[in-house]
Each structure stands twice: as structure tokens, then as C-alpha cells.
Amino acid sequence: MLYISQPTLTGRLQQIEELFGVQIVIRSKRGVSFTPEGTYLVECARKMLHEMHGIKETLQAMKQEVAGTLRIAASKSKGRFSRVI
């Protein structure tokens, strides 16, 4: 699902744990679960990713060029039976 091998993922988790000096996950026979510190780090990472997306959009807008994703919503029947005049 993550397109990463288990040993690579374990190594990366250990690096992050070493960096912050906390245990991120609890390993057991049934798998892993996040510690409270791990849950906090996940929340912070999500916020940072959201912020990074906003920064990228702002920088694109500052170029004064049309760029990005246009999202259009319409009902299926409206899109199917509408005529272009």
C-alpha cells in the first residue's frame, strides 16, 4: 500500500524516533499501534502537508499564470443530457 518494504519502513520509523527522542509506535504480535507521541506527530505531519499544498498554490498564483486543477461538479443527468449551443 505504501510501496515500501517492511525493513525500509522500520528503519525510517527508527530514524524518526531517534530524531525526536520518543517512541512513535508500539510493536506487538498483532502489528503496530501509535503511541500518544506518534499520534501527535501524525497530526503535525498532516498539518504540514496541508500547509505545503497551500504554499505551492500561492506561489503558482503569484506567477500570474493559469495553473492548477479545475474542479467542476454537475449532476450525472445534467452532464449527460445537456446540449452545447
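Met1, Leu2, Ile4 and Leu9 make a nonpolar patch of about 490 Å² on the surface of this predicted model. Leu2 lies in the segment before helix α1, which covers residues 6-20. The relative accessibility of Leu2 is 62%. Leu2 therefore counts as exposed, since the class begins over 50%.

Helix α1 has 15 residues. At 1.5 Å a residue, a span of 21 Å is expected for α1. The C-alpha atoms at its two ends are 21 Å apart, so the expected and modelled spans agree. Gly21 follows α1. The phi angle of Gly21 is positive, near 70°.

Two strands pair in the antiparallel sense: β1 at residues 25-28 and β2 at residues 31-34. Four bridges link the pair. In one of these contacts, Ile26 has Ser33 of β2 as its bridge partner. The connection from β1 to β2 is a hairpin through two residues.

Confidence varies along the protein chain. The mean pLDDT of the chain is 86. A score of at least 70 is reached by 85% of the residues. Helix α2, residues 36-62, has the highest confidence, with a mean of 93. Helix α3, residues 76-81, has the lowest, with a mean of 64.

Key:
Residues numbered from 1 in each chain as written. Predicted model: local features only at pLDDT ≥ 70, side-chain atom pairs only at ≥ 80, totals over all residues. Heavy atoms only, no water. pLDDT = per-residue confidence, 0-100. Patch = residues over 30% accessible without salt bridge, like charges linked within 9 Å, V, L, I, M, F, W, Y side chains within 5 Å. Areas by Shrake-Rupley, 256 points an atom, 1.4 Å probe, with all protein chains shown as cover. Salt bridge = Lys/Arg side-chain N within 4 Å of Asp/Glu carboxyl O. Buried < 20%, exposed > 50% of the residue type's maximum accessible area, 1.4 Å probe, protein only. Pairing = 2+ DSSP bridges. Expected span 1.5 Å × (residues − 1).
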